[in-house]
Amino acid sequence: MTMLSDAATTPAPYYSQGLRARFNIDHVRLEQADVDARLNGGKCADIEYEVDEAKYRARSTARFKAGGLPTSVPDGWPTKLSGPLVWTSNSFPSEDEYVYHLTPSDKTEILAALAFFKSHNLDSQKVTKYLFPLPDLGPILSGICNDIYLGKGFHIVRGLDPDDYPLADLTTIYLGLSSYVASRRGRQDQRGSMLIHVMQRGDQSAESILHDSIYSSDKPFHTDTVTDTLCLFTQELASSGGRSTFASAWTVYNELAATRPDLIHTLASPDWPFDTYGRDPPFYRRALMYFHDHRLITSFSRRLLVGHAPFTPRSNAIPGLTEAQAEALDAVHFIAKKHEIKPRMERGDIRFVNNLGLLHRREAFENVQGSKPRHLVRIWLNNDEGMCWNLPRPLRLAWARVFDDDFEDEGSDKRARYWDYAPLRHPVTGRVLNTGGSCD
């Protein structure tokens, strides 16, 4: 296990040599002045990570009053989406519509699958559905996979007790169960962390106290930028608050198409600047919303677009957002919040979320001193057995970087995979290093 370093490192290439050749992407190194000229003459909107409703309302009023906005959706885009992914907060009166409760026989079958896997003397991350056989539960999990990719887009498997298993066995179990939904797991940071522990850092340094204050407020709606299924294992709950909520991006689209189709033009424009935080190139550009192969795909991280000061401020000398982009980003949040669903959370829950069709956010929470802190384990999953939606080229590049790229190039392009079953802690301060707190 490699310890994360607190020290600054030499800027790393964002794309490996293999990916640059495969996708012919060396042209992304554009002159800053040229990019600023394209992005509203170098003028940037006043927008931050925390959503400011007053600024949003004022910006929306000013832009609408100025006029000249498109009055229909982009050519080839639907005026209204339909299907099981179009839902609102009132669509599911009972949680039984999206929660599968493990039965005693399911748990017995899980223990038998665990014993079968352990007989092969492999590390937990080597588990697959073929090495974790579930003759009765497996078809149910495959049905959940269909619900993620072809249905309403989210499901919860409930009933595991994290205290019933040693850590390695627990990791094998939630990875084994998740392999029935999607088998490939992706790197979630430049280091190559395969499991991110979403939790507070936990020491009393000024830096960590500042970092942990992230959790005292609600988060804006977003997607995890690079995964088709987001998997979250709930190891510990907060003392209060901390629910993860979901909203349908298809429902958001329908409201925008009916009321502000100009914002769909903005969301679909390929000039949104995503910060790579000191890597080479320092930013890349793509759209936030795509209509591809008859499906709406939404993919963005607000932090990568506006920064999250003072925790991860936006890098210097890269483009900011235009007024239109700022309004569109906030509009998505407020429409999603109007239609969100707020499922209960229990310890041991495994949440599966279609990260192409749904948005999510986290409510503020508090950990009482002396109690175990809120702790989710995040996994980025890709189903390469025909279930993942067809992706437009910019997202194929992003998925390749996370799921395909083995970084076989020599030197600084190499990136390993690290499977940290438990949070990495600083050897002196005890600070949790791989929290992933900005992306939960």
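1. Cysteines. In this predicted model, cysteine 145 is buried, at a relative accessible area of 5%. Cysteine 231 is likewise buried, its relative accessibility being 0%. A search of the whole structure returns 0 disulfides. A disulfide would be a covalent bond between the sulfur atoms of two cysteines.

2. Overall composition. The protein chain holds 12 helices and 15 strands. Of its 440 residues, 56% are buried. When contacts between residues at least 6 apart in sequence are considered, 82% of them join residues at least 24 apart.

3. Nonpolar core. The largest nonpolar core comprises 115 residues, and Phe132 and Leu177 are the members that touch the most others. Helix α11 (residues 323-339) supplies the largest share of this core, with 8 residues. In soluble globular proteins, nonpolar side chains tend to be buried together.

4. Surroundings of phenylalanine 132. Beyond its neighbours within four places in sequence, phenylalanine 132 is in contact with Ile110, Ala113, Leu114, Phe117 and Val127, and also with Thr172, Ile173, Gly176, Leu177 and Tyr180. One of these partners, glycine 176, belongs to helix α6 (residues 167-178). Glycine 176 is buried because its relative accessibility is 0%, under the 20% limit. With neighbours within four places again set aside, glycine 176 is in contact with Val127 and Phe132. The C-alpha atoms of glycine 176 and leucine 131 lie 8.2 Å apart, across a sequence separation of 45 residues.

5. Packing of α8 and α11. The axes of helix α8 (residues 249-259) and α11 come within 9 Å and cross at roughly 115°. On the α8 side, Thr251, Val252, Glu255 and Leu256 make the contact; on the α11 side, Ala331, Val332, Ile335, Ala336, Lys338 and His339 do so. The crossing of α8 past α11 is right-handed.

6. Helix α3. Serine 60 is located in helix α3 (residues 53-66), and lysine 55 is found in α3 as well. Serine 60 has a relative accessible area of 17% and is therefore buried, the limit being under 20%. Lysine 55, at 31%, is partly exposed. Outside its neighbours within four places in sequence, serine 60 is in contact with Arg260 and Glu327. Lysine 55 and glutamate 327 are separated by 272 residues in sequence, while their C-alpha atoms are 9.1 Å apart. The side chain of lysine 55 also forms a polar contact of 2.9 Å with the side chain of aspartate 46.

7. Asparagine 382. This residue is part of strand β15 (residues 375-382). Asparagine 382 counts as buried, with 4% relative accessibility. Its side chain makes a polar contact of 2.7 Å with the side chain of arginine 184, and a polar contact of 2.7 Å also links the side chains of asparagine 382 and aspartate 228. Apart from neighbours within four places in sequence, the residues in contact with asparagine 382 include Tyr149, Ala182, Ser183, Cys388, Trp399 and Phe403.

8. Valine 432. Valine 432 lies in the segment that follows α12 (393-404). Valine 432 is buried, at 1% relative accessibility. Valine 432 and methionine 199 are 233 residues apart in sequence, with a C-alpha to C-alpha distance of 8.2 Å.

9. Cis peptide bonds. The peptide bond between aspartate 280 and proline 281 is cis, with omega about 5°. Proline 281 sits in the loop between β8 (272-275) and β9 (283-286). A cis peptide bond also runs from alanine 309 to proline 310, where omega is near 0°. Proline 310 is placed in the loop between α10 (302-306) and α11.

10. Positive phi values. Asparagine 121, although not a glycine, has a positive phi of about 55°. Asparagine 121 is in the loop between α4 (104-118) and α5 (137-150), and is exposed, at 71% relative accessible area. Alanine 317, another residue other than glycine, has a positive phi near 60°. Alanine 317 lies in the loop between α10 and α11 and is exposed, with a relative accessible area of 63%.

Notes
Residues are numbered from 1 along each chain as its sequence is written. This is a predicted model: local features need pLDDT of at least 70, side-chain atom pairs count only at pLDDT 80 or more; totals for chains, interfaces and linings use all residues. Side-chain values use heavy atoms; hydrogens and water are left out. A disulfide is a pair of cysteine sulfur atoms within 2.5 Å. Buried means under 20% relative accessible area, exposed over 50%, partly exposed in between (1.4 Å probe, protein chains only). Helices (H or I, at least four residues) and strands (E, at least two) are DSSP runs, numbered from the N terminus. A polar contact is a pair of N or O atoms within 3.5 Å; within protein, one must be able to donate a hydrogen and the other to accept it, and residues adjacent in sequence count only if both atoms are side-chain atoms. Contact means heavy atoms within 4.5 Å. A nonpolar core is a set of buried Ala, Val, Leu, Ile, Met, Phe, Trp, Tyr and Cys residues joined through side-chain atoms within 4.5 Å. Axes are lines fitted to C-alpha atoms, for helices over the stretch in contact, and angles run from 0 to 180 degrees between N-to-C directions. A crossing is left-handed if the near helix is turned anticlockwise from the far one by less than a right angle, and right-handed if clockwise.
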